[in-house]
Amino acid sequence: MMIQDIAPHRLDNHYDPEARPAPDSVALHFCGKRLLCRLSDGALSLPAVAQLGEGNYTYLFRLDDTAYFLRRDGGELSVDGFGYEEIGVCRTARPQETAFAALTGYHLASWYAESRYCGACGAENVHDGQERMMKCPKCGHMAFPKIMPSVIVAVTEGDKLLLTKYANRPGATRFALVAGFTEIGETAEQTVAREVMEEVGLRVKNIRYYKTQPWGISAGGLLLGYWCEVDGDDQIRLDHMELAEGAWVSRDELKAVYVDRGFSLTNEMIVEFIKGNNP
């Protein structure tokens, strides 16, 4: 299960410029990469507009019948019973639909913060009255929420899976797959081949698409999952700027040590490999 798999709940991202916050609407407030929330034994709660009071609110979306608004005032807010947590807590927090809404809100909050000024002429942007867009009143340049495609790659060789550990990420474990952003002029499949070669020095074949996942934690990521197999030599040659470790791990080894790490596409693909369900 991935974080967007929230059925029977539904996130409706239709933009409503006429929406106004009600006292019981959910208010999302971010201070950098920290979310104003209450976290107790993994249970995530978000404040209501009434608890934050008056401020600059922007409509985001609805989760079922509840409207979510972004509080866009800068600086930390002091709200009784709530504090700030790193947005990464949403990887494993429950209820899942609330965590997904918070991550999607972070995606939009980051875009609004980056889109205050026109990228063409430097004038201050304004909200469009019809769609989710920031528009320059001076030159007419239009800015829409950014979406950045990237790949998550499960490289296999028989009953072994290639796992990596990121470099320069405190607390990172080895339980990661090869990953990277799609560059200009590339197909996603070309990104797979390039990233695997750049990060671990391996050629791959039989590249197969698996699933996608919106990933607001990277402020606009759309993850594309792929399976592939080593083509020829399986000796790992690490790019130490990107990775601290890389190793082939057998299915039996993973069964003994792997701990489910929440709602990510990476986690789901590793679990599917352990079960022998990789395509």
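Begin by selecting Leu-11 together with Leu-63: in this predicted model, Leu-63 of strand β6 is the bridge partner of Leu-11. Extend the selection to the strands around this pair. Strand β6 covers residues 57-63, and 2 bridges join β1 to β6. The two strands run antiparallel.

**The four-stranded sheet**

Next, select β1, β6, β7 and β2, which in that order form an open sheet of 4 strands with mixed pairing. The edges are held by β1 (11-12) and β2 (26-28); each has a single partner strand, so one side of each is left without a neighbour in the sheet. Strands of a sheet pair through backbone hydrogen bonds, either parallel or antiparallel.

**Helix α2**

Keep the sheet displayed and add residues 96-114, which make up helix α2. This helix lies across β1, β2, β6 and β7 (66-71). Relative to β6, α2 runs at about 145°. Viewed along its length, α2 has 19 residues and reaches 27 Å from its first C-alpha to its last, close to the 27 Å expected at 1.5 Å a residue. Now show the surroundings of α2: 17 of its 19 residues are buried, so the helix is largely enclosed by the rest of the structure.

**The three-stranded sheet**

Move on to β9, β10 and β11, an open sheet of 3 strands in that order, with antiparallel pairing. Its edge strands are β9 (126-127) and β11 (142-143), each of which pairs on one side only. Select residues 134-135 for strand β10, which pairs with β11 over 2 bridges in the antiparallel sense. One pair to label here is Met-134 and Ala-143: the latter, in β11, is the bridge partner of Met-134.

**Asn-267 in helix α5**

Select residues 265-275 to display helix α5, and within it pick out Asn-267. Is Asn-267 buried or exposed? It is buried: its relative accessible area is 4%, and the cut-off for a buried residue is under 20%. Show also Tyr-258, Val-259, Asp-260, Arg-261 and Gly-262, with which Asn-267 is in contact once its neighbours within four places in sequence are left aside.

**Colouring by confidence**

Finally, colour the whole protein by pLDDT. The mean is 93, and 98% of the residues reach 70 or more. Which element has the lowest mean pLDDT, and which the highest? Among the elements of the protein, strand β17 (residues 243-250) has the lowest, at 90, whereas β2 has the highest, at 98. Where pLDDT is low, the predicted coordinates should not be read in detail.

Key
Residues are numbered from 1 along each chain as its sequence is written. This is a predicted model: local features need pLDDT of at least 70, side-chain atom pairs count only at pLDDT 80 or more; totals for chains, interfaces and linings use all residues. Side-chain values use heavy atoms; hydrogens and water are left out. Two strands pair if DSSP finds at least two bridges between them. Contact means heavy atoms within 4.5 Å. Axes are lines fitted to C-alpha atoms, for helices over the stretch in contact, and angles run from 0 to 180 degrees between N-to-C directions. pLDDT is the predictor's confidence in each residue, from 0 to 100. The expected span of a helix is 1.5 Å times one less than its number of residues. Buried means under 20% relative accessible area, exposed over 50%, partly exposed in between (1.4 Å probe, protein chains only).
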